[in-house]
Amino acid sequence: MTTSETDLDRLEHVQARIRRAARDAGRKPTEIELVCVTKTISAARIEPLLRASCRQFGENRVQEAMEKWPSLRAAFPELTLRLIGPLQTNKVRDAVRLFDVIETVDRPKLAAEIATQAVREGKTPRLLVQVNIGEEPQKAGVLPEDADAFLRVCREDFGLAIEGLMCIPPVDQLASPYFAKLAEIAARNGLSKLSMGMTSDFEQAIKLGATEIRVGSAIFGAR
Ligand SMILES: *Cc1c(COP(=O)(O)O)cnc(C)c1O
C-alpha cells in the first residue's frame with residue numbers, strides 16, 4: 001500500500017476484488033453488499049465515500065457512532081448504518097434509535113431489551129444474530145449448538161424477525177470451514193442474510209455465500 005493511494009483508490013480495488021470473487025464463485029457482484037467499517041475513522045474522512053455512493057457502513061461502538069453519524073445521516077439520509085460490535089443492554093435504546101441494522105444479537109436478555117425499546121421507539125432495526133462460530137471463550141456470539149434454540153426464542157418469545165447471521169472466525173486459521181458452518185446454520189433456519197468476511201478473508205466468504213462483507217483496513221489502511 002503506497003502513501004499516495006487514497007481511501008477511494010483502495011475502495012475501488014476492494015470493489016474489483018469483490019467482482020472477481022463473485023465471478024469465480026458464479027455469483028452476481030450485486031448479491032454482495034460491501035459494508036465499509038468506519039470505526040476510528042472521522043466523519044470528515046467518511047464523507048468522500050458517501051459522495052462516491054457508498055451507502056453501507058459498520059460501526060463497533062454505539063457511543064462513537066452517536067458522535068459521528070447523526071450529521072452524516074442528515075446529509076445522506078439513504079445510508080444504512082450497521083452495529084457490528086457487542087451491545088450492552090443499557091445502550092440498546094440509543095442503538096435502536098441510531099442503527100438501521102443490529103448484527104450482534106446474541107443473548108435472550110439483549111433480545112428482550114431490543115423488543116422493549118423497539119416498541120417504545122416505534123422503530124425496529126433489522127436484526128442479525130451473531131454466532132461465536134469458532135467457540136472462542138473471549139468472543140461474543142451464541143454458540144453454534146445453541147443457535148437454533150436462540151433463533152426460536154427471538155421469534156417466539158420476543159417477536160423479533162431475525163434476517164440472518166453474522167460471525168467473526170478465529171484469526172490465524174483458514175476461515176472457510178467456519179463460513180461454511182455459518183451458512184449451514186442459516187440455511188436450516190431459513191435465513192437469507194450472511195454477514196461474513198473481512199479484509200483478510202472476504203473472498204472465501206463470498207465463495208461460501210456471504211451476502212454482506214465488512215471491510216475496514218483494506219479501505220482505510222491499518223488501524
Ligand atoms: C473491525 C471489524 C471489521 C473490519 O475488519 P478489517 O479486517 O479491518 O477489514 C469487520 N467486522 C467487525 C465485527 C469488526 O470489528
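The lining of the second largest pocket in this predicted model is made up of six nonpolar, three polar and three charged residues. The nonpolar part includes I168, P169, P170, V171, A175 and M198. K139, D172 and D201 supply the charged residues of this lining, while Q173, S200 and Q204 are its polar members. The space inside the second largest pocket comes to about 160 Å³.

The largest pocket holds about 320 Å³ of space. Its lining consists of 21 residues, and these divide into eight nonpolar, nine polar and four charged. Nearest the centre of the largest pocket are K39, N60, I168, M198 and R214. Two of these names, I168 and M198, also appear in the lining of the second largest pocket.

The ligand takes up the space of the largest pocket. Around the ligand stand 13 residues, and those that come nearest are K39, T199, R214, G216 and S217. K39 and R214 are thus named both among the residues nearest the ligand and among those nearest the centre of the largest pocket. By type, the shell around the ligand has six nonpolar residues, four polar ones and three charged ones.

Several contacts involve oxygen atoms of the ligand. From the side chain of K39, a polar atom lies 2.7 Å from a ligand oxygen. The side chain of N60 likewise places a polar atom 3.1 Å from an oxygen atom of the ligand. At S217 the backbone takes this part, with a polar backbone atom 2.8 Å from a ligand oxygen. On its own, the ligand has 390 Å² of accessible area, and the protein covers 91% of it.

Terms used. Residues are numbered from 1 along each chain as its sequence is written. This is a predicted model: local features need pLDDT of at least 70, side-chain atom pairs count only at pLDDT 80 or more; totals for chains, interfaces and linings use all residues. Side-chain values use heavy atoms; hydrogens and water are left out. A residue is near a molecule or strand if one of its heavy atoms lies within 4 Å of it. A polar contact is a pair of N or O atoms within 3.5 Å; within protein, one must be able to donate a hydrogen and the other to accept it, and residues adjacent in sequence count only if both atoms are side-chain atoms. Accessible areas come from the Shrake-Rupley method with a 1.4 Å probe; for residues, only the protein chains shown count as cover. On a 1 Å grid over the protein atoms alone, a cavity is a set of points where a 1.4 Å probe fits but cannot get out, and a pocket is an open set with protein on both sides within 12 Å along at least five of seven lines; lining residues have an atom within 4 Å of a point. A molecule sits in a cavity or pocket if more than half of its atoms lie within 2 Å of its grid points. Grid points are joined across faces, edges and corners, and a volume is the space filled by probe spheres set on the points.
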